[in-house]
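Subject: Structure handover and notes

Dear colleague,

I am passing on the structure we spoke about, together with some notes on what turned up in it. Please open it first and keep it beside you as you read.

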Amino acid sequence: IHRSLAYSIADSYLALPLQLVGTMVISRFLTPADVGVYAVAAVFSAFASTFRDFGITEYLIQEKDINSEKIRAAFTVNIVISWAMGLLLFFSAQFAADFYRSPGVADVMRVLAFNFLLIPFGAVTMAYFRRELNFQPIFIAGLLANLTTFVVATACAFQGYGYMSLAWSSLAGVVVTVGTSLWFRPADFPKWPGIRGLGRVIHFGKFVSSIYVFGQLGKGAPEMVIGRAQDMVGVALFSRASGLVELFNRTVLRAVTPVCLPYFAQSNRQTGSAVSGYLRSISYLTVIGWPFLAFMGIVAYAAVRIVYGSQWMASVPMAQILCAAGAIELIHYLAKDVLISVGEVKRSSLLQLVLQGGRIAGLIAVIPFGLIGACWGLFAAAVFGTACSQWSLSRTIGLRTRDVVAHCLPSFYIAAVSTAPVAFWVAVEGISEDNFLRFAFGGGTLTVTMWLLALRFFRHPLWKEVDDLTKKLITKYRLRHSRN
């Protein structure tokens with residue numbers, strides 16, 4: 001588990017500087033309208049991707065006994081669904097462009113459709129690596145793909161390709177990912193699709209795919225609703241506001257989540273329960289995420305100014321509300337994963353239907369009040385979703401509310417202690433064009449220092465992990481130094 005997390009975290013943290021620099025560069029070459037066009041097209045592509053996956057990864061991970069027959073069946077289903085979604089995305093592009101009154105949406109969607117033809121040839125192999133908790137090939141593929149995406153996106157933006165810069169960089173990244181997965185594929189790994197065992201894959205996949213379909217509907221609803229109710233500039237401003245929450249997703253959740261599902265599944269196979277592992281995951285995620293999101297909300301002005309530039313400052317109030325909503329969602333962010341790991345795919349699907357239905361309803365109810373209203377609607381939906389997740393998990397895996405509170409309270413105290421100094425600083429001095437860099441870097445250093453001290457003071461389990469890792473690194477360094 002530690003080795004897998006190390007590779008997954010390294011993947012995210014090496015990708016982060018490239019993504020940040022790429023975003024900073026592209027945000028200065030592309031107009032808000034350009035970003036809005038790609039954001040709307042990307043929602044349709046992401047929605048099609050939820051069908052394309054069809055729960056193949058989850059099926060291979062949670063299966064107690066895996067063999068060539070099951071892998072070939074999963075490969076067959078992945079090809080059929082992915083190619084069908086690619087064709088649908090390609091030929092529906094013009095309808096989407098007409099609906100949003102933006103021809104560029106169609107151009108981006110047609111390029112993104114080619115991703116669907118390539119992905120099946122790497123998806124099953126990557127799922128197998130995750131099942132085996134072998135994240136080294138995934139790390140290498142991610143690193144190479146992120147480098148490629150960065151180079152292509154910045155080069156195309158510099159040459160004036162506008163929103164198409166993001167589309168071509170996405171395709172280039174997929175090509176590299178698939179090529180890397182084929183390079184690392186085990187010699188005895190099945191290379192051809194098969195038809196035996198298709199029924200079991202389809203039966204499992206129909207529930208898992210619905211989980212991600214509902215999830216993607218909820219995730220993409222803001223851009224889709226805002227794009228229709230307002231304009232592409234509104235979509236772009238909301239996208240930049242949610243980008244601060246996405247920073248946490250890129251730095252932590254994208255690193256941890258791929259490991260959590262196989263970890264929960266392995267724990268359930270060995271002990272017959274995933275509750276202890278889930279509670280530990282909640283404790284770790286909130287103790288990292290709550291201070292991060294609280295800090296981002298406090299210095300949102302500085303963060304938006306540095307990452308996106310002065311033309312995006314209207315997104316600051318929205319970013320602060322979305323950071324608060326993201327902190328609430330974090331409590332049961334892994335609910336769907338733990339339900340899948342114990343075989344409760346149908347219940348997980350129903351939970352996602354309720355969560356995302358509440359998200360869309362909250363958004364539609366307040367969109368007449370503008371972009372700020374939309375953000376408050378998402379905040380209310382986050383509160384509702386957390387309560388529903390807790391109710392579902394208590395009935396399914398026996399997760400008690402008092403246990404969740406007990407594991408989250410230390411995170412709350414640590415978040416409060418960590419961010420109190422910078423919050424006081426902002427309240428006294430205020431952030432402006434003259435001092436935003438000082439608040440971003442000075443405040444960040446202060447918050448991280450206070451966070452480490454608070455981890456140790458409250459004796460949080462994560463401190464032991466940090467302490468153990470530090471001691472191991474020091475020991476290795478001394479051994480290597482003594483040999484030299």
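The notes below cover confidence, salt bridges and nonpolar cores.

This is a predicted model, in which local features need pLDDT of at least 70 and side-chain atom pairs count only at pLDDT 80 or more, while totals for chains, interfaces and linings use all residues. Residues are numbered from 1 along each chain as its sequence is written, and side-chain values use heavy atoms, with hydrogens and water left out.

The average pLDDT (the predictor's confidence in each residue, from 0 to 100) is 81 for the protein, and 86% of the residues score at least 70. Among the elements (helices, H or I, of at least four residues and strands, E, of at least two, taken as DSSP runs and numbered from the N terminus), H19 has the highest mean pLDDT, 92, and helix H11 (residues 198-229) the lowest, 66. Where pLDDT is low, the predicted coordinates should not be read in detail.

A search of the whole structure finds five salt bridges, a salt bridge being a side-chain nitrogen of Lys or Arg within 4 Å of a carboxyl oxygen of Asp or Glu. One of them joins Arg 305 to Glu 433, with the closest N and O atoms 3.0 Å apart. This pair links distant parts of the chain, 128 residues apart, since Arg 305 lies in helix H14 (residues 300-307) and Glu 433 in the loop between helix H19 (401-429) and helix H20 (436-457). Arg 305 is buried at 18% relative accessible area, whereas Glu 433 is partly exposed at 39% (buried means under 20%, exposed over 50%, and partly exposed in between, with a 1.4 Å probe and protein chains only).

Another salt bridge pairs Arg 359 with Glu 329 at 3.4 Å between the closest N and O atoms, and it connects helix H17 (residues 345-366) to helix H15 (residues 316-329). Arg 359 is buried, at 17% relative accessibility, and Glu 329 is partly exposed, at 33%.

The largest nonpolar core (buried Ala, Val, Leu, Ile, Met, Phe, Trp, Tyr and Cys residues joined through side-chain atoms within 4.5 Å) has 83 residues, and those with the most contacts inside it include Val 105, Leu 244 and Leu 399. Helix H12 (residues 232-271) gives this core its largest share, 11 residues. A second, separate core has 17 residues, among them Tyr 59 and Val 345.

Best wishes
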